[in-house]
Amino acid sequence: MSTTTQTAAPGRGSGSAGSSTPVWRVVAEREVTTRVRDKTFLAATGVSLLLVVGFFVVMLLLGGGADEYDVAVTSDADETVLATAQEVMRESGSPDAELNAEVVDDADAAEQLVRDGDVDVALLPADGGYTLVGDDEIDAGLAAGLSSAVASQALQDNAEEQGVDLAALSEGTEVQQRLLDPNADEADARSGVAFAFALVFLLTAMGFGMTIAQSVAQEKESRVVEILAAAVPVRALLWGKVVGNTVLAMGQILLITVVGVLGLVATGRTDFLSGISGAVVAYVVFFLLGFVALAALWSVAGALASRQEDLSSTTLPGQMLLFLPYFIGAFGSDDVRTVVSMLPIVSTMLMPGRMAEGDVPWWQIGVAVAVTVAAMVLFIRIGARMYERTLLRTGGKIGWGEALKASD
Amino acid sequence: MLQVNHLTRRYGDATALDDVSFEVRPGRMTGFVGANGAGKTTTMRIIVGVLAPTSGTVTWGGEELTTEQRRRFGYMPEERGLYPKMRLRDQLTFFGRLHGMTATQAHARATDLLTRLGLGERIDDVLETLSLGNQQRVQVAAALVHHPTALILDEPFSGLDPLAVDTMVELLSSELSPDLPVLFSSHQLELVERLCDDLVILSGGRVVAAGPVEALRDQEAPRYRVVVAEGGVEQLRSAGLTLLSTNGSEAVVEGNGQPADQLLDAVRRAAPVSEFSRVVRPLSQIYRDVIA
């Protein structure tokens, strides 16, 4: 029997009489339920989430605690020294510095706390002033802040005792600090976000793209496709696959985004978060557009294969479509990035990243959205036609060129 | 009624189907026989809509078949296929819903069918863990799950042992209704003979015979088998009867348009008769005759 077959009845998916669900939704539901029951899929999602959570835990351990110090003192009066020290530190380069006093009975108890790591340092009264006791090291900023606070407190006390006008005495001694690039730290973080945007799209689109292609190829390989095609229009099958996998991919990306945002909140980076929130929203939108545009092509890649083994070659164009923009984004000059960030697929990887890194003119974002939507419509139309022509052809791999030229 | 009208399908220069027309009547089983490559599968694929004809139509109640009507058909393709890693009930529920049932209906029907097929215990098992015979049962169930309005079964019994065939036939008969046309192809002529009311014989992409099995049998003048006394065969011959074949004291006599009782009288006059019976041509004989 010859194997050149096409579908006879193209047309839209349809719901029959009664309350039955439209075909594309039944197909989409199967895609989703099969996937969420798949242990490999669950494990992979879990691992990505763990990575994100782990990233913030490390941030919290390394950076988050750096501006917060616990100091053991032996009298309530010393708490005012801490308050002054906190003031000093906030004015000199550690705007988020926070000192907590731990009042204990005596020096031994204070030293014990230091030894146990419960406090960062102990501030103990000594002859002629105070001793700062640390375990194996003392944070320089903290030491400077506390020393300065102790000194000014003592000066104040001494001045009062001697009847000296301290204000007049300290006239002209203040040294202020000013940074020329106060946001350098944040700029690094923003580039990090831009990089993460591109990488997460690359990995997710690739992962789910392969899933779509495999799911189509499996239906061809197991021959179940003939029953499917006899029951419903081939186009409805395609829609179901695209919708089902888009829902899954978006679900995964939203989950990662939510965990990431929660992580920023938990680590107290809310100011940073509000700075990139526009980019995050744009990312979700661009992700959706870029993913759907590619999904139809991944389905065709599946329909071109006769067996799972054919997928490595039929999915090559899809992989190129993802890797090229990724490398252009990583290594291209700023001008190149600006231009290509308005192209479909590339826009998903670069545009939200550019928005996170700095201001992007609105017209550029508009062009990127418009071009991506146009590409999405075009890809889906071409994809649907190729899918219809190739899905029921068995007996060997079909080339992309051949499938494009194939007639009904 | 399902009608196939002047279907032609060409692949390049090769003609797989050449002006094929026949009908599948409701409430009757129509057997579809023919050699490998005769065009049975091609015809069935065109009926269910996975293949487009080069020309010709398939009609349902006189009107050209719509996508929506096709959706209500049940189809068992020659190349079996289901989802290997899907649970039985989920699988049948899915197919039921694809064919337009609601989720609840499909779920209940899937449970019922699987139970009747003796797979009640394995309802939540994954298909690929079943034996091939059991997978085939599920395949039939997938064609039946949505209470189809027509059944197109391509070699439904191939690869089954006789007991499994019986189970399947039983299931099919229980699903038959006076409104349901069934078309099934098979190489197993004795099975077709046992089950079918109508017959379509295809050869080289053309219909060479079609109609009720009885009518096909009656196309030829009736023949009778007679057993006569020793040497009686010669006497039959000299009495002018047409003997189609002889074997000792046994002969097959052509009726030549005479009613059976008149023929019997003629035979009796020629020689003493111990047996006289109408020869029912087996299907395989009809098949060989029309293919020849």
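Author: A salt bridge is a side-chain nitrogen of Lys or Arg within 4 Å of a carboxyl oxygen of Asp or Glu. This is a predicted model, where local features need pLDDT of at least 70, side-chain atom pairs count only at pLDDT 80 or more, and totals for chains, interfaces and linings use all residues. Residues are numbered from 1 along each chain as its sequence is written, chains are lettered from A and ligands numbered from 1 in the order in which they are written, and side-chain values use heavy atoms, with hydrogens and water left out.

Reader: How many salt bridges are there over all chains?

Author: The search finds 31. Take B:Arg71 and B:Glu68: their side chains meet at 3.6 Å, N to O.

Reader: Are B:Arg71 and B:Glu68 buried or exposed?

Author: Learn the cut-offs: buried is under 20% relative accessible area, exposed is over 50%, and partly exposed is in between (1.4 Å probe, protein chains only). B:Arg71 has 2% relative accessibility, so it counts as buried. B:Glu68, at 28%, counts as partly exposed.

Reader: Which helices hold the salt-bridge partners A:Glu357 and A:Arg337?

Author: Helices are DSSP runs (H or I, at least four residues), strands likewise (E, at least two), numbered from the N terminus. The closest N and O atoms of A:Glu357 and A:Arg337 are 3.1 Å apart. A:Glu357 lies in α14 (residues 346-357) of chain A and A:Arg337 in α13 (residues 334-340), so the pair ties together parts 20 residues apart in sequence. A:Arg337 is buried, at 15%. A:Glu357 is partly exposed, at 36%.

Reader: How is a pair of aromatic rings described?

Author: By the distance of the centres and the angle of the planes. Rings of Phe, Tyr and Trp (its six-membered ring) pair if their centres lie within 6.5 Å; planes under 30 degrees apart are stacked, over 60 edge-to-face, the rest tilted. This structure holds 16 such pairs over all chains. In one, the centres of A:Phe41 and A:Phe208 are 5.9 Å apart and the planes stand at 75 degrees, so the pair is edge-to-face. Both A:Phe41 and A:Phe208 are buried. For B:Tyr224 and B:Phe276, the values are 5.2 Å and 10 degrees, so this pair is stacked. B:Tyr224 sits in strand β11 (residues 223-228) of chain B and B:Phe276 in strand β14 (residues 273-278), 52 residues apart.

Reader: Why is helix α8 of chain A largely enclosed by the rest of the structure?

Author: Eight of the eight residues of α8 (residues 224-231) are buried, so the helix is largely enclosed. A:Ile227 and A:Leu228 are among them.
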